[in-house]
Amino acid sequence: NSFCTLLAFARGPRALGMARDDPMWAVALTTIVSHVAVVPALSMLLRRRWVFEFAVGGFCFLASFLYHMSECVGDRFFLTELQWHRLDNIGAIAVFGGLFVYLSDIPPDPRHPHHPALLHQLLQYAVLFLSIIAQEPDPWNEVYTVVPIAAFALLPVISHVAQGRWPRFVWRNAAIGFALVVAGAFFFALGLDDANDPFRAYHGLWHLLAGGGMWWLWQVVPYTSPHPLARHVRPPAPATKPVLRMAEL
């Protein structure tokens with residue numbers, strides 16, 4: 001979703017506690033409260049009943065939230081800070097993968113026009129499982145986060161070339177969304193140097209900008225039938241004859 005979608009550029013492990021002597025309340029404000037930026041995107045996914053996308057985004061939201069909670073208080077919340085961080089990375093890669101599957105705009109099966117295509121569903125689970133596998137060898141090696149996302153980014157290109165058509169995107173939404181995410185990534189990179197990120201403000205800006213960007217990016221493909229994800233569209237209910245009660249006979 002969501003704010004945590006570009007956490008694919010994961011940092012290496014940090015010691016528990018703050019790298020600076022910043023007040024805990026200030027760091028909590030920038031790294032925890034800033035998670036509110038992803039709520040609109042998650043809410044939109046839920047309203048559209050896109051269960052897979054909402055579940056992956058919600059998992060990433062929860063992992064990131066608890067990671068930063070552990071980071072602020074210097075204590076574990078069932079898992080340690082680094083364990084939540086690793087799950088956060090997995091969720092981030094999977095969110096990006098799900099986004100690129102969505103941008104692939106795979107047409108539905110004509111026999112089931114109100115359900116996503118089988119290939120679309122298979123790709124969703126493929127990117128999720130590949131995200132988990134990618135973090136197993138070395139979760140603090142950026143190669144195992146950047147390469148999977150770069151590979152997933154090819155999905156829309158391959159899909160549209162195979163379909164022989166130009167993307168039917170809302171380009172305004174794409175421009176705004178990617179601009180916000182890229183700006184967020186810039187501040188994320190600045191925040192990698194903890195010693196020069198006062199109150200972790202750069203990282204908080206990453207949350208705000210990326211979260212806002214995801215709200216726009218999930219609206220790039222027109223949300224109308226026969227879009228493969230237009231599960232909200234229902235065929236009209238068959239007409240039924242009124243039932244006469246015995247008193248009316």
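# A walk through an all-helix chain, starting at Ser34

Select Ser34 to begin: this residue sits in the loop that runs between α1 (24–31) and α2 (39–47). Keep in mind along the way that you are looking at a predicted model.

**Stop 1: around Ser34**

Is Ser34 buried or exposed? Ser34 has a relative accessibility of 5%, so it counts as buried. Now show the side chains of Ser34 and His207, and you'll find a polar contact of 2.8 Å between them. In sequence these two are 173 residues apart, yet their C-alpha atoms are 5.9 Å apart in space. To see what else touches Ser34, leave aside residues up to four places away in sequence; that gives you Leu29, Gly204, His207 and Leu208.

**Stop 2: zoom out**

Switch to a cartoon view of the whole chain. How many helices and strands are there? The chain has eight helices and zero strands, so a walk along the sequence reads α-α-α-α-α-α-α-α. The chain has 249 residues, and 45% of them count as buried. If you like contact maps, take the contacts with a separation of 6 or more: residues 24 or more positions apart account for 81% of them. Turn on the surface as well: the chain exposes about 12600 Å², with 73% of that supplied by carbon and sulfur atoms.

**Stop 3: the annotated segments**

Next, colour the stretches that UniProt, in an unreviewed entry, labels "transmembrane region": 25–43, 50–69, 89–106, 118–137, 143–162, 174–192 and 204–224. Two of these make good selections. Residues 143–162 are 100% helix and 0% strand, and the C-alpha atoms at the ends are 28 Å apart. Residues 89–106 come out at 83% helix and 0% strand, with 27 Å between the end C-alpha atoms.

**Stop 4: a nonpolar patch**

Select Met24, Val73 and Phe77 with the surface still on. Together they form a nonpolar surface patch with about 240 Å² of accessible area. Phe77 belongs to the loop between α3 (51–73) and α4 (81–103). Its relative accessibility is 31%, so Phe77 counts as partly exposed.

**Stop 5: the salt bridges**

Side chains of opposite charge can pair when their charged atoms come close. How many salt bridges does a search of the whole structure find? The search turns up three.

- Pick Glu136 and Arg86: their side chains meet in a salt bridge at 3.5 Å, N to O. Glu136 lies in the loop between α5 (118–134) and α6 (143–163) while Arg86 is in helix α4, so the pair ties together parts that are 50 residues apart in sequence. Arg86 is partly exposed, at 27% relative accessible area.
- Go on to Asp105 and Arg165, whose side chains form a salt bridge at 3.2 Å, N to O. This pair links distant parts of the chain, 60 residues apart: Asp105 is in the loop between α4 and α5, and Arg165 in the loop between α6 and α7 (171–190). Asp105 counts as buried, with 2% relative accessibility, whereas Arg165 is partly exposed at 29% relative accessible area.
- Keep Asp105 selected and add Arg168: here the salt bridge is 2.7 Å, N to O. Asp105 in the α4–α5 loop and Arg168 in the α6–α7 loop are 63 residues apart, another link between distant parts of the chain. Arg168 is partly exposed, with a relative accessible area of 30%.

**Last stop: one shared view**

Finish with Asp105, Arg165 and Arg168 on screen together. What joins these three into one network? Salt bridges with shared partners do.

Notes
Residues numbered from 1 in each chain as written. Predicted model: local features only at pLDDT ≥ 70, side-chain atom pairs only at ≥ 80, totals over all residues. Heavy atoms only, no water. Helix = DSSP H or I, 4+ residues; strand = E, 2+ residues; numbered from the N terminus. Buried < 20%, exposed > 50% of the residue type's maximum accessible area, 1.4 Å probe, protein only. Polar contact = N/O pair within 3.5 Å; in protein donor to acceptor, adjacent residues only side chain to side chain. Contact = heavy atoms within 4.5 Å. Patch = residues over 30% accessible without salt bridge, like charges linked within 9 Å, V, L, I, M, F, W, Y side chains within 5 Å. Areas by Shrake-Rupley, 256 points an atom, 1.4 Å probe, with all protein chains shown as cover. Salt bridge = Lys/Arg side-chain N within 4 Å of Asp/Glu carboxyl O. UniProt positions renumbered as here; feature names shortened; annotations may be inferred.
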